[in-house]
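I open this notebook to record what I looked up in one structure. The entries run from the chain as a whole to its cysteines.

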Amino acid sequence: MGMKRWISTALTAVMLLTFLPANALAADGGTPELSSLTVKTADGRELSLLEGDTAVDLGGSYSFTAAFDNPEQIETVYITSTKGSAVRMLEAQWDGTAFTTNGWFGGNADYTPGKIGVQYTVKTEENSMTGTVDWAALETEGCTAQVTASSGQLTEATVDLTALLEAEGKVTVDLAVDVFDETTGGNLNDWLGTYKDLELLTKYTLDGGKYILYLDYSDPSTYAMIVHDVSGSKFVKTVLDEAAGSSKTLRALSEQLGTIKTVSGLAGQFFTIQDSAEQLREQVSGRTDLTGSEKEQLNQSIDNYENDRLLFTLTMTLLPAVVAASGGTMAGPALVFNALVGVINAASGFFWDNRVGMLTGCDPLNTDFTSDAHGTPLTKKLLSQMDYTLTESGTYYLAERISSDIRIDGAHVTICKHGYGCTLINDGGSLEVRDCMYEEDLDGNMIGWSLYASVTNNSGDVSVFCGQVTVDSPGDGNIYIYEGTVNKVAVEGDGDTIVYGGTVQRIENGCGDLTIHDGRVGQITNAEGTVQIDGGQVVRDGRGTVLKNESGTITISGGLVKGYDGPEATATGSTAIENGAGGTLIITEGVIMGGAGDEVSYPSIENSGTLTISGGTFSCGSQNGCGTCIDNSGTAEIFGGRFLGCIDNESREAGEGLTICGGTFQAAEDYNIANYWGSVVIEDGTFQVMGESDQYCNVNSRPGNAKAVADTIVRGGTFYCESGNCVESWTTTASLRTTIEGGSFYSPMGSCVYNLGNDVSMAISGGTFISEDPPVFQGCVTNGGNGVLEISGGTFTCLEGDPCVFSDDNPNVTISGGTFLVPEGLSVVEGKGCTLLVGENSDIEMIGRFGLFKSGSYTGEFQLTMDTPAGYDGGIVYYDAPEGAGVSVTPAELMAMDFSREKYLRLVGDMSLGGTSSEGVSVSLSGSGEELRTAKVSDPNQVLTSDTLVWAASYEGGKMTGITSGILKADGTVTFSEPVEAGAVLFFLDGENKPMCGNILLQLEKTT
């Protein structure tokens, strides 16, 4: 390699002027050769490292000196330290006679050098684009050209390389060289044609900006080179095309030319870097002093360099044949050739600057180093004299393999591993474990290490700073992990275990306190201790649950907990967290992800105990909102967070269940919430299902067991289901009841509410429900099978012609309140029939385009029943228009009416309002329709007097919108000037017409 390097260096100064055969090059002082390599230790000893294996105690500092024959060609020298596949570099400075280092590898005084080697870069020369090319010296036997067109500055030719390649099929390349002179006029863009956007091409600036070379590899069948002679105001364009009928692509042709000795040998004399692109990539990969982005940038430059070398080899083969066939020197090709040589040479400067493709002064030498940072050497002889017990504080290193246990008795001890493993027992001391052979690359991958250290911590503190360690803590000792790889931590006592960094394969926590701040943990089991996770990663690299809590307490406020991904997950599962029946799990922040197997996903949490969530992101293994996100069979409360996937509830014991008071729930398919058994209460939250299937829904009450009893209550929240139903209750065997008291429900292509089954009941007393275009035989609310549906309140809208309520299987629909709007439909209620039940506080309003009730597709006449609740003897007020006057009617009179063509119906029963203040003042109002004017006031504590002025104030959006007033009479009644509405606030005014103290302020609500 030295001779090759000498040839390249000698060529640097002349190869851009004119090509000369290799044997005509004059020697320039000879190739640099390493003559000596020494290390100077802290105590002043200077030792040669070229004499074979040696052991050197460096002390607290060191310096390396490399001397060369012919050093004048060297630009920079680096001393390399190799551990495993990791290489660190320390630059050596020229001191007039040799190259000497100063400082430590990586600036780290604790770093113990590995195998020492020497590499160097060479000086490069300034490029020049002047001169011509000796084409005859470059001609290759077996390569012939035929000029197909020649006019003015344009030459076109076909080059035949079949004989050169000894190919079975014909191998030809079309080549065109064209020159554009700016001084003679003409349109440059027209001449450039496809390549007019020059700045989009790969660009090289040469010879101080006098020349610019543009290269285009975007089309694998065409290579283009354009040289701009800035000072000469000329452009030269060379285009290489795969000729019609050729059996090889340009890329394949270029690579094959590189294997032909006559071609590669000639081309190689122009390559300052002799290493192949693959060798350069390997050198970049082994560098530990480079970041990932720096490696990526270097590899991209190597890719460009590889393309440029292939193109140069191809062009160097083709151009001489074309020039010879043209019968002239052809200045255009010479300019292109010189520019490509310049690019190849310029690239070498870049790689030297980045210490890639360096020449080797010597291969890594087998030398074992130690230093003062690693303390007293531990040998069998020394330890036997100490009864294998360390009682004096200090730093020690393992100088040889020790098979006996080493005990630390109350001392502060640091153990450095130098390749060997050991067994350590800590009895009341402070033990630090370090691995001086441990090495990571910049991406955190372990690339050098010693054997395992096994530590038993009976009492005291154990700290792991690097290396491979196993720690058992049967007593009350503490464990601190900062770096390195820990195979297992087993805590039986009640001490602290804190992870600040590093990698821990498994932690078994009995009754201790475990805290994860950073680093990576593969698996945690917690029997009855406490676990706090506020950072880092708990990520499984194999099958099984990541974090398992039996009867302890786990609190997560940050970090990542993730199950195992891989086909093997189908065997035993890869749930992220399992919380046992006696466990408590509290999550305020963090990312919890289940694992994924071969077409199988696993939950983020399986809960059988007590679970509280107020924040964080949760997803099943598919990571796209498919499958079960949380599986609850205990008690779970959710106040916030983001949930991707489904939450299943199957809590069979009294007092257990799922309560949701907030959060964002998203699913790509299936459902957001499913109640298979037990209690689910939804107070608030945002629920979205985006999949395109009418089988999907936001809330699914569907017991899968005949003995199951499921009770679902929705009091609030926002629900959106793209293609299915917002709330769905379905069963044929179990007992199921769903209650909706409030919330906002929107379904573009399904029902807002779907109630179907044999022992299924649905009660709706409030909420806003909007469906756009549900399927045939469905409405905004759908009741099927033998289901029972009761609606006492809410607002229901169906926009695309379907009914608000559809019940084609049975007439088990009772409506006692609510507003129903079908602006484009033919009916409000469709199916077998329904009962309008008008009682106290009933308010039913229906608005349709044409007709209010309609029989279903498979039923006869619609069965409409008008009734009042048992014991109700109040009146019914009927309105046939929104602004019309009410008429008192009886159920029988209503039954006799024909609503098949009506557009409006409103039925109002007797209304009752009431309220009680903290002083015991109670007020009640009652009357038919909206005429609630007279109130009865009860004042057992005699807070009020007769003739007291009373205000009834109405509010909207927190602002007072109106007041109606009245005078309290001696008989305890007050008659207001206007009707009083629900929600009104009563004020009792004193003699100065000012509201009395707030203790007797009260708000009126509907009463039953």
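The entries below concern overall form, surface, charge and cysteines.

Entry 1, overall form. I note that the model is predicted. I looked up the extent of the chain and found that its C-alpha trace spans about 130 × 95 × 65 Å along the principal axes. I then checked the radius of gyration: the chain has 44 Å, whereas a compact globule of 1008 residues would have a value near 30 Å.

Entry 2, secondary structure and contacts. I find 81 strands and twelve helices in the chain. I also looked at contacts between residues at least 6 apart in sequence, and 58% of these join residues at least 24 apart.

Entry 3, burial and surface. Of the 1008 residues, 52% count as buried. I record an exposed area of about 41,800 Å² for the chain, with 45% of it supplied by carbon and sulfur atoms.

Entry 4, charge. I find 132 negative and 53 positive side chains. The centres of the two sets lie 4 Å apart.

Entry 5, cysteines. How many disulfides does a search of the whole structure find? The search finds zero. I looked up C422, whose nearest cysteine sulfur, that of C416, is 11 Å away. C422 is buried, with a relative accessible area of 6%. I then turned to C752, where the nearest cysteine sulfur belongs to C780 and is 3.9 Å away. A disulfide requires sulfur atoms within 2.5 Å, so I record C752 as being in no disulfide. C752 is buried too, with a relative accessible area of 0%.

Notes:
Residues are numbered from 1 along each chain as its sequence is written. This is a predicted model: local features need pLDDT of at least 70, side-chain atom pairs count only at pLDDT 80 or more; totals for chains, interfaces and linings use all residues. Side-chain values use heavy atoms; hydrogens and water are left out. Buried means under 20% relative accessible area, exposed over 50%, partly exposed in between (1.4 Å probe, protein chains only). Helices (H or I, at least four residues) and strands (E, at least two) are DSSP runs, numbered from the N terminus. The radius of gyration is taken over C-alpha atoms; the globule rule is 2.2 Å times the number of residues to the power 0.38. Contact means heavy atoms within 4.5 Å. Accessible areas come from the Shrake-Rupley method with a 1.4 Å probe; for residues, only the protein chains shown count as cover. Lys and Arg count as positive and Asp and Glu as negative; His and the chain ends are not counted. The place of a charge is taken as NZ of Lys, CZ of Arg, CG of Asp or CD of Glu.
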